[in-house]
Amino acid sequence: MAFPLPRPQAPQLPHHLLRTVDCQQGAIRAVRFNADGNYILSCGGDKTLRLWSVNRGTLLKTYSGHGYEVLDADGSFDNSHICSCSSDKTVILWDVASGQVSRKLRGHAGKVNCVRFNEEATVIVSGSIDGSLRCWDTRSRRPEPIQVLDEARDGVSSVTVSEYELLSGSVDGRVRRYDLRMGQLHVDFINSPITCVCFSQDGQCTLSSSLDSTVRLLDKSTGEMLREYTGHKNTSYKLDCCLSHKDTHVLSCSEDGYVYFWDLVEGSVSLKLPVGKAAVQSLSFHPSEPRLLTAMEGRVMVWGAEPEDTAEDEGQQ
């Protein structure tokens, strides 16, 4: 007789606080894992970008060159470069090791809200309050972008890049997906200013959060709404949402000091993670493990599914 298969383990959620990093950069506007999840990028209100070790919480490098607060950043797949954007209307490409500015990209007419590399880090895509997405060639010395996408009727708040697609969210309440292979634009109307957009890990769905305190999961190919996630508060600020590394849960920042985790399929709240008393400004989920970064005021917190074995850590030092 065949034994029944063991029940699959419930996915572990990062609810243990592993460490708190006092970034000393003013208010942290965005926090991001790098491509392999070993480093933290923190974007500061004091015009700096900082690189930290995840496991130690130690400062590795400070990048200074923006003229105003840094609003977003992204690390290249090989960890050799970082791109960042700022209220100073510029995008900067940084050399990670030296901390030097490789290129400063000008062209946006207002503050630049979001920035992402493509997979090969040959192109930087930036989105601005000026309503445009600009694509910059990282290998050329040309000062102008290789492409400008200006379909948005209001500021672009969020952008994400996949192999051949750009996904952007705008204050005009629309999620736009540019299929670069087919030269097509797909638009989904949400009817509330979009604060964040991302693809699911399997590439089949898009996730968007908006200022009606709702996160929505849409089928990418049909635009059909699969699920709405509510209970959190997001009416005033540009806050992040994302999916967990295995697409089992939807996460969102909230203005009430929590990070909300919803079961992707059920739509029910699985966890309300208490972060603090202020709005949770930004979050980032580890690319392959149940780890989470949150930013509130001037601090970044690292969360894991299990408490760390401190004795083991001390032995490694």
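Me: Why is the contact between Asp72 and Arg32 called a salt bridge?

Reply: The closest N and O atoms of Asp72 and Arg32 are 3.0 Å apart, and a salt bridge is defined as a side-chain nitrogen of Lys or Arg within 4 Å of a carboxyl oxygen of Asp or Glu, so the pair qualifies. This is a predicted model, in which local features need pLDDT of at least 70 and side-chain atom pairs count only at pLDDT 80 or more, while totals for chains, interfaces and linings use all residues. Residues are numbered from 1 along each chain as its sequence is written, and side-chain values use heavy atoms, with hydrogens and water left out.

Me: What makes Asp72 and Arg32 buried?

Reply: Buried means under 20% relative accessible area, exposed over 50% and partly exposed in between, with a 1.4 Å probe and protein chains only. Asp72 has a relative accessible area of 2% and Arg32 one of 10%, so both are called buried.

Me: How do you know that Asp240 forms a salt bridge with Arg32?

Reply: The closest N and O atoms of Asp240 and Arg32 are 3.0 Å apart, which satisfies the salt-bridge rule. Arg32, Asp72, Arg116 and Asp240 are linked in a network of salt bridges.

Me: Why is Glu289 called partly exposed, and what is Arg291 called?

Reply: Glu289 has 36% relative accessibility and therefore counts as partly exposed, whereas Arg291, at 14%, counts as buried. Arg291 and Glu289 form a salt bridge, with the closest N and O atoms 3.9 Å apart.
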